[in-house]
Amino acid sequence: MPEARQKEVIMNSREDFDKIANEIFFPIYEVIAQEALGVLGRKNGVCLDVGCGGGHLGLSVAKASDMRITLMDVKEDAIIIAKNRIKEWELEGRTSTIVSDVREINLPDNSFDLITSRGSIGFWGSRDEMKQAFAEIYRVLAPNGMTFIGKGFGSAELKAKITAQMKVLHPEWPQCVIDASNGFGVEDYADFLKELRIPAKIINDDRGIWIMMKKTA
């Protein structure tokens, strides 16, 4: 297969995405997990990782804490990979999985102390679908709970390192991801949350763009 064709197909399958997450993006998950736990201010309770993919972020939260974790993705093939990683990381006792859409989360109200998500926010759909997703996340957030959802690399150093590696493997990255996403940004997220009357702060710095909703008791 010609080299150009190899680059073209590198991110075509779930296994390709997981390989990249496990090898190139791997260092970011511990950093983001620690940031999320810092926002919550404790290391116990229950965490939901939305759009979990292969489970790296949610399982990194589990490794860094005593939290029980639910990994959620709309794609069943992602959950199959995540289940295998749960076994590999020996976290079966504190981790469960569910196939569910963020716009209609099949879980009870007020269930999770911490809700995390990295990277899937750009694929939650139209303006109305995004508002529905935020409303659903807030619905399942427990009183005094926090979210840490968005996109980013954890630090400027990690972003620079990963960007350099990805440019070698996939020269069109990250533009190909941007082109495939819904195109919403910080101002849009702030507008959605304001319209929904959800209290939140948004980080937009070297760590990335991260939405921190808080549900009061």
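Select helix 2 (residues 14–23) together with helix 5 (residues 76–88): the crossing of this pair is right-handed, a term for a near helix turned clockwise from the far one by less than a right angle, left-handed being the anticlockwise case. The contact is made by Arg14, Glu15, Asp18 and Asn22 of helix 2 and by Asp77, Ala78, Ile81 and Arg85 of helix 5, where contact means heavy atoms within 4.5 Å. By class, these residues divide into two nonpolar, one polar and five charged; Ala, Val, Leu, Ile, Met, Phe, Trp, Tyr, Cys and Pro count as nonpolar, Asp, Glu, Lys and Arg as charged, and the others, Gly among them, as polar. The two axes come within 10 Å and cross at roughly 40°, which makes helix 2 oblique to helix 5.

The model is predicted: local features need pLDDT of at least 70 and side-chain atom pairs count only at pLDDT 80 or more, while totals for chains, interfaces and linings use all residues. Residues are numbered from 1 along each chain as its sequence is written, and side-chain values use heavy atoms, with hydrogens and water left out.

Some conventions apply throughout. Helices (H or I, at least four residues) and strands (E, at least two) are DSSP runs numbered from the N terminus. Axes are lines fitted to C-alpha atoms, for helices over the stretch in contact, and angles run from 0 to 180 degrees between N-to-C directions. Angles under 35 degrees count as roughly parallel, over 145 as roughly antiparallel, 65 to 115 as roughly perpendicular, and the rest as oblique.

Remain in helix 2 and select Asn22. Asn22 is partly exposed, at 33% relative accessibility; buried means under 20% relative accessible area, exposed over 50%, and partly exposed in between (1.4 Å probe, protein chains only). Not counting residues up to four places away in sequence, Asn22 touches His56 and Arg85. A distance drawn between the C-alpha atoms of Asn22 and Gly55, 33 residues apart along the chain, should read 9.9 Å.

His56 leads to the next selection, helix 4 (residues 56–63) with helix 3 (residues 26–40). Their axes come within 8 Å and cross at roughly 60°, which makes helix 3 oblique to helix 4. Phe26, Tyr29, Glu30, Ile32, Ala33 and Leu37 of helix 3 meet His56, Leu57, Ser60 and Val61 of helix 4. This contact has seven nonpolar, two polar and one charged residues.

Next, display helix 6 (residues 127–140) and helix 9 (residues 186–196), which pack at an angle of about 60° with axes 10 Å apart. Their crossing is right-handed. Arg127, Met130, Lys131, Phe134 and Ala135 in helix 6 meet Tyr189, Asp191, Phe192, Leu193, Glu195 and Leu196 in helix 9. Seven of these residues are nonpolar, none polar and four charged.

Two backbone stops follow. Glu90, in the loop between helix 5 and strand 3 (95–99), has a positive phi near 55° although it is not glycine, and is exposed at 68% relative accessibility. Asn144, in strand 5 (residues 141–151), likewise has a positive phi, near 70°, and is partly exposed at 44%.

Move to the loop between helix 7 (156–169) and helix 8 (175–180), where Pro174 is placed. A cis peptide bond joins Trp173 and Pro174, with omega about 5°.

Finish with the cysteines. The structure holds zero disulfides, a disulfide being a pair of cysteine sulfur atoms within 2.5 Å. Why is Cys47 without a bond to Cys52? The sulfur of Cys52 is the closest cysteine sulfur to that of Cys47, yet at 11 Å it is too far for a bond. Cys47 is buried, at 0% relative accessibility, whereas Cys176 is partly exposed at 27%.
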